[in-house]
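Q: I'm new to this one and would like to learn how to read it. Could we go through it feature by feature?

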Amino acid sequence: NKDEIYLDSNKISGLLQLRKWGIGDRIFPIGMNGSKLISDIISDAKLTSQEKESVFILHDDKNIHWCVGLTIGKKAIAEENSKNILKVTIS
């Protein structure tokens, strides 16, 4: 689901950080070829202005892995053969 994600820690570059989204932020969503702007994901979700301001992203030094509650990225998602799995939940 979109409330928690499982990442392959071997595919993470640097430290994971949580921050508010910014203009120009891009994610490579699961099930999609290429990337998508976070602003487009927010528009597609038809969020109110207040909701838009409270959207956070989880990223490392290279990629955005999660637009919290909306979209999961595929760059570091855990797979069946992943050895070191990191569960991330935001509450």
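A: Sure, and let's start with a term we'll need: a residue is buried when its relative accessible area is under 20%, exposed when over 50%, and partly exposed in between. Keep in mind that what you see is a predicted model.

Q: Is F56 buried, exposed or partly exposed, then?
A: Put its value against those cut-offs. F56 has 31% relative accessibility, so it counts as partly exposed. You'll find F56 in strand β5, which covers residues 56–59.

Q: Which residues make a nonpolar surface patch with F56?
A: Patches take residues with over 30% relative accessible area, and nonpolar side chains are joined within 5 Å. Here L18, F56 and I90 make a patch of about 240 Å².

Q: How many helices and strands does the protein have?
A: There are two helices and eight strands. Read from the N terminus, the elements go β-β-β-β-α-α-β-β-β-β.

Q: What does the radius of gyration say about the overall form?
A: The idea is to hold the value against the one a compact globule would have. For 91 residues that would be near 12 Å, and the protein comes out at 13 Å, which agrees. Along the principal axes, the C-alpha atoms fill a box of roughly 40 × 30 × 25 Å. As for burial, 31% of the 91 residues count as buried.

Q: How should I read aromatic pairs?
A: A pair of aromatic rings is described by the distance of the centres and the angle of the planes. The centres must lie within 6.5 Å to pair, and by this rule the protein has zero aromatic pairs.

Q: Which residue lies over the face of F28?
A: That's K75, at 4.3 Å from the ring centre of F28.

Q: Where is S9, and how far is its C-alpha atom from that of A76?
A: S9 is in the loop between β1 (4–8) and β2 (17–20). Along the chain, S9 and A76 are 67 residues apart, yet their C-alpha atoms are separated by 7.5 Å. With 32% relative accessibility, S9 counts as partly exposed.

Q: And what about Y6 and A45, how far apart are they in space?
A: Again, set sequence beside space: Y6 and A45 are 39 residues apart in sequence, and 23 Å apart from C-alpha to C-alpha. Y6 belongs to strand β1. Its relative accessibility is 36%, so Y6 counts as partly exposed.

Technical notes:
Residues are numbered from 1 along each chain as its sequence is written. This is a predicted model: local features need pLDDT of at least 70, side-chain atom pairs count only at pLDDT 80 or more; totals for chains, interfaces and linings use all residues. Side-chain values use heavy atoms; hydrogens and water are left out. Patches are made of residues with over 30% relative accessible area and no salt bridge: like charges are joined within 9 Å, nonpolar side chains (Val, Leu, Ile, Met, Phe, Trp, Tyr) within 5 Å. Accessible areas come from the Shrake-Rupley method with a 1.4 Å probe; for residues, only the protein chains shown count as cover. A salt bridge is a side-chain nitrogen of Lys or Arg within 4 Å of a carboxyl oxygen of Asp or Glu. Helices (H or I, at least four residues) and strands (E, at least two) are DSSP runs, numbered from the N terminus. Buried means under 20% relative accessible area, exposed over 50%, partly exposed in between (1.4 Å probe, protein chains only). Rings of Phe, Tyr and Trp (its six-membered ring) pair if their centres lie within 6.5 Å; planes under 30 degrees apart count as stacked, over 60 as edge-to-face and the rest as tilted. A charge sits over a ring if NZ of Lys or CZ of Arg is within 6 Å of the ring centre and within 35 degrees of the ring normal. The radius of gyration is taken over C-alpha atoms; the globule rule is 2.2 Å times the number of residues to the power 0.38.
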